[in-house]
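Subject: Structure handover

Hi,

Here is the model for you to look over. My notes on it follow below.

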Amino acid sequence: MTEKEFQKLCTGTPSGTTLLFHYKGSVIRGRFVGCAEDEIVIEDNGRHHVWPRELCDYEESSFPFPPSYS
C-alpha cells in the first residue's frame with residue numbers, strides 16, 4: 001500500500017467500518033479501529049490485529065462488500 005493510499009484509509013475510514021484482510025489463504029473480517037504510525041489496527045472477536053502498511057494492498061469495493069486488503 002502506498003503512503004497516499006494509507007493516508008486515505010486512515011483519514012477517510014470511519015472507526016467501526018468492516019474491513020477484510022486476506023493472509024496466507026485465510027480471511028480476517030474485522031472492524032477498523034484506527035492507524036498507528038505505519039500500521040492499520042482492526043478488531044476481530046474482541047482481539048486487536050496490527051497490519052503493517054507495507055504488507056497491505058489497497059482495494060476499494062462498492063456496497064455491500066467492505067474494502068479488501070491482502
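How many salt bridges does the structure hold? There are two. A salt bridge here is a side-chain nitrogen of Lys or Arg within 4 Å of a carboxyl oxygen of Asp or Glu.

Before the details, some ground rules. This is a predicted model, where local features need pLDDT of at least 70, side-chain atom pairs count only at pLDDT 80 or more, and totals for chains, interfaces and linings use all residues. Residues are numbered from 1 along each chain as its sequence is written, and side-chain values use heavy atoms, with hydrogens and water left out.

**Salt bridges**

Glu3 pairs with Arg53, with 3.6 Å between the closest N and O atoms. This pair links distant parts of the chain, 50 residues apart. Glu3 is in helix H1 (residues 3–12). Arg53 is in the loop between strand S4 (47–52) and strand S5 (58–59). Helices (H or I, at least four residues) and strands (E, at least two) are DSSP runs, numbered from the N terminus.

Asp38 also forms a salt bridge with Arg53, at 2.7 Å from N to O. Asp38 sits in the loop between S2 and S3 and Arg53 in the loop between S4 and S5, so this pair ties together parts 15 residues apart in sequence. Glu3, Asp38 and Arg53 are thus linked in a network of salt bridges. As background, side chains of opposite charge can pair when their charged atoms come close.

Is Arg53 buried or exposed? Arg53 is buried, because its relative accessible area is 17%. Buried means under 20% relative accessible area, exposed means over 50%, and partly exposed lies in between (1.4 Å probe, protein chains only). Both acidic partners count as partly exposed: Glu3 at 40% and Asp38 at 26%.

**Strands and hairpins**

S1 (residues 18–23) and S2 (residues 26–35) pair in the antiparallel sense over six bridges. Two strands pair if DSSP finds at least two bridges between them. The hairpin of S1 and S2 has two residues between the strands. In that hairpin, Lys24 takes a positive phi near 50°.

S2 also runs antiparallel to S3 (residues 39–44), joined by four bridges. Three residues make up the hairpin connection from S2 to S3. Across this pairing, Phe32 stands opposite Ile42 in S3.

**Thr18 and Arg31**

Thr18 belongs to S1. The bridge partner of Thr18 in S2 is Arg31. Their side chains also make a polar contact at 2.7 Å. A polar contact is a pair of N or O atoms within 3.5 Å; within protein, one must be able to donate a hydrogen and the other to accept it, and residues adjacent in sequence count only if both atoms are side-chain atoms. Thr18 has a relative accessible area of 16%, so Thr18 is buried.

**Asp44**

Asp44 is found in S3. At 17% relative accessibility, Asp44 counts as buried. Asp44 and Arg31 are 13 residues apart in sequence, with their C-alpha atoms 6.6 Å apart. Leaving aside neighbours within four places in sequence, Asp44 is in contact (heavy atoms within 4.5 Å) with Ile28, Arg29, Gly30 and His49.

**Disulfide**

The structure holds one disulfide, defined as a pair of cysteine sulfur atoms within 2.5 Å. Cys10 and Cys35 form it, with an S to S distance of 1.9 Å. Cys10 lies in H1 and Cys35 in S2, so the pair ties together parts 25 residues apart in sequence. The torsion about the S-S bond is about -95°, so the disulfide is left-handed. Cys35 is partly exposed, at 31% relative accessibility.

**Nonpolar core**

The largest nonpolar core has 10 residues: Met1, Phe6, Leu9, Leu19, Phe21, Phe32, Ile40, Ile42, Trp51 and Cys56. Such a core is a set of buried Ala, Val, Leu, Ile, Met, Phe, Trp, Tyr and Cys residues joined through side-chain atoms within 4.5 Å. H1, S1 and S3 each supply at least two residues of the core. Not counting residues up to four places away in sequence, Trp51 touches Phe21, Tyr23, Ile28, Glu39, Ile40, Ile42 and Cys56.

**One backbone note**

Asn45 is not a glycine, yet has a positive phi of about 55°. Asn45 lies in the loop between S3 and S4. Asn45 is exposed, at 72% relative accessibility.

Best wishes
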